[in-house]
Amino acid sequence: MSRFNSNKYSPFVSVDRPNRAWPNKVITEAPAWCSVDLRDGNQALIDPMTPAQKLEMFEMLVEVGFKQIEIGFPAASQPDFDFVRKLIEEDRVPSDVTIQVLTQARKELIERSFESLKGAKSAIMHVYNSTSTVQREQVFKLSKDEIKRIATDGATWVKACAEQQPETTWQFQYSPESFTGTEMDYAVEVCNAVLDVWLPTPENKAILNLPATVEVATPNVYADQIEWFCENVNQRDSVIISLHTHNDRGCGVAASELGVLAGADRVEGTLLGNGERTGNMDIVTMAMNLYSQGVDPTLDFSRMDKIIHVVEKCTALKVHPRHPYAGELVFAAFSGSHQDAINKCLALYQEGELWEVAYLPIDPRDLGRNYQEVIRINSQSGKGGVAYVLEQEHSIKMPRWLQVDFSPVVQAEAEKTEAEVNAQQIHDLFFSTYFPSDNQFQLKGYQVSRDDGVDSMQATLSDSGKDHAIRGEGRGVLEAFVEALGSHTGHPLVIIDYNEHTLGSNETAEAIAYVQISVMQQRVCGVGKSHDILGATLNAVLNAYARSSAASQAKVA
Ligand code: KIV
Ligand code: ZN
């Protein structure tokens, strides 16, 4: 029995919209993005960003391609005020970027905010007051009319102050804070009253930003609210509808996505979702979601590691390893079946084709990652993954039968260490397994001749430090060698399979060979290297023999 008392909470009352249109729509272009990392994100930090960190973050946001950046709350914080001044006085705002500042709808704060922006080429003055039932009744204890008055007074002061600073191109933004907890007809009433003050035009639009200040309902409810708002607000063609969602229920991105379907034009959020409580809407995730559907996100996240570095440095918050698109593990596959599927798809994928790779929703290279990071080996991994790592990192192309032989070795190591096995460890295990250090044999030289389709081999074999001349004949040099070795040891052996390649592309590249032999009814694999293919294959036979029970019996004897 649950010890929770479900009667403590009530279901969210949604807008009645039987004819909602947004579920049938698709997003075909990116919304206008506004980063609020330097304001909402910064306000949520244990230690707000230093001026140097703010500047680094600002420059990175510009580099990523943001055209609107909320840079602070200058009337509420002296460091924010100073930062706004620094950007303007040092002429650090590119001409195609508009800075935005937030202010409460109070005269002295609005005036101070305008003062911070003196000399800016263009700016968005963002004014807000809270409109929800809870805030009106319990926090402010004011009537609906009184709350509306706060908004229209704020709008009036904003307009008057802007007229005093005509050197700046102004855009005005109003947020009915806690919009989602506000009666929709009242939210529209307040916003319309603000528009009546600002009198926006299609050429000079006002921004109405509709925050899910605290996320309290499923994203479809937000979408219904946005669609209803878009249909009922005045002067829709003179208004930019902006979304500002938070992530309290873990659906901040979904809510903004559905809000865009419902008619919104603009989205506010932060990189990787820093922000109050569970954070703001994560712009990286939403933009990459669009990209994965073939929509140009208009933001550039191809240097994801740099973005993570700057965000972690400025926020002192670590990015979760499973964070969508950005986390260290999001493109990693440990499970054998996933690795095999990825390998097969990547082998078929041709540059320039539509991306269709199992388990990888997007190409990791788009974010500056590489395929090597995809296949990671632990006790859950299979032969395909191990083979992939050896090939990618060490150019070792194991045939399938060798993969089957080697994979349990890696798995045993992963189980023993209870940890991931990295590429270097796999390489070392491969060599310690297939190049036995106690091999009693060493091939010192050989001669081959062919007569009437029969190959003969004479070789000098060092056996436990003593040289022996060995001889054999066969259809092919390998068969001749195997016969010679079998006669020498007294244990006939046959080649089941073999395979070889060079370990590079130039003529001095070493060769590597893989063989599977049968000796004393046991199948054993071996690997050999040499400067030529034949030498590598003969060494592989000797290494295979050295791993067999025939060799261990000889040592005991
Ligand atoms: O979450 C919120 O409501 C805000 C507003 C000030 C826009 O951050
Ligand atoms: Zn917010």
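Eleven names make up the surroundings of ligand 1: Arg39, Asp40, Leu102, His126, Ser175, Glu177, Asn209, Pro211, Thr213, His244 and His246. A residue counts as near a molecule if one of its heavy atoms lies within 4 Å of it. This is a predicted model, where local features need pLDDT of at least 70, side-chain atom pairs count only at pLDDT 80 or more, and totals for chains, interfaces and linings use all residues. Residues are numbered from 1 along each chain as its sequence is written, chains are lettered from A and ligands numbered from 1 in the order in which they are written, and side-chain values use heavy atoms, with hydrogens and water left out.

**Ligand 1**

- The shell holds two nonpolar, six polar and three charged residues. Here Ala, Val, Leu, Ile, Met, Phe, Trp, Tyr, Cys and Pro are nonpolar, Asp, Glu, Lys and Arg are charged, and the others, Gly among them, are polar.
- A polar side-chain atom of threonine 213 sits 2.6 Å from an oxygen atom of ligand 1.
- For arginine 39, a side-chain N or O atom is 3.0 Å from an oxygen atom of ligand 1.
- For aspartate 40, a polar side-chain atom is 3.2 Å from an oxygen atom of ligand 1.
- On its own, ligand 1 has 260 Å² of accessible area, and the protein covers 95% of that. Such areas come from the Shrake-Rupley method with a 1.4 Å probe; for residues, only the protein chains shown count as cover.
- Elements giving two or more residues to the shell are α1 (37-43), β5 (169-177) and β6 (206-212). Helices (H or I, at least four residues) and strands (E, at least two) are DSSP runs, numbered from the N terminus.

**Helix α8**

- Ten of the 14 residues of α8 are buried. Buried means under 20% relative accessible area, exposed over 50%, and partly exposed in between (1.4 Å probe, protein chains only).
- Among the buried residues are Val221, Tyr222, Ile226 and Phe229.
- Their cover includes α7 (184-198), β6, β7 (239-245) and α9 (252-261).

**Serine 256**

- Serine 256 is in helix α9 and is buried, with a relative accessible area of 0%.
- The side chains of serine 256 and threonine 245 share a polar contact of 2.9 Å. A polar contact is a pair of N or O atoms within 3.5 Å; within protein, one must be able to donate a hydrogen and the other to accept it, and residues adjacent in sequence count only if both atoms are side-chain atoms.

**Positive phi**

- Most residues other than glycine have a negative phi.
- Glutamate 418 has phi near 50 degrees, a positive value.
- Glutamine 521 has phi near 60 degrees, also positive.

Conventions:
Contact means heavy atoms within 4.5 Å.
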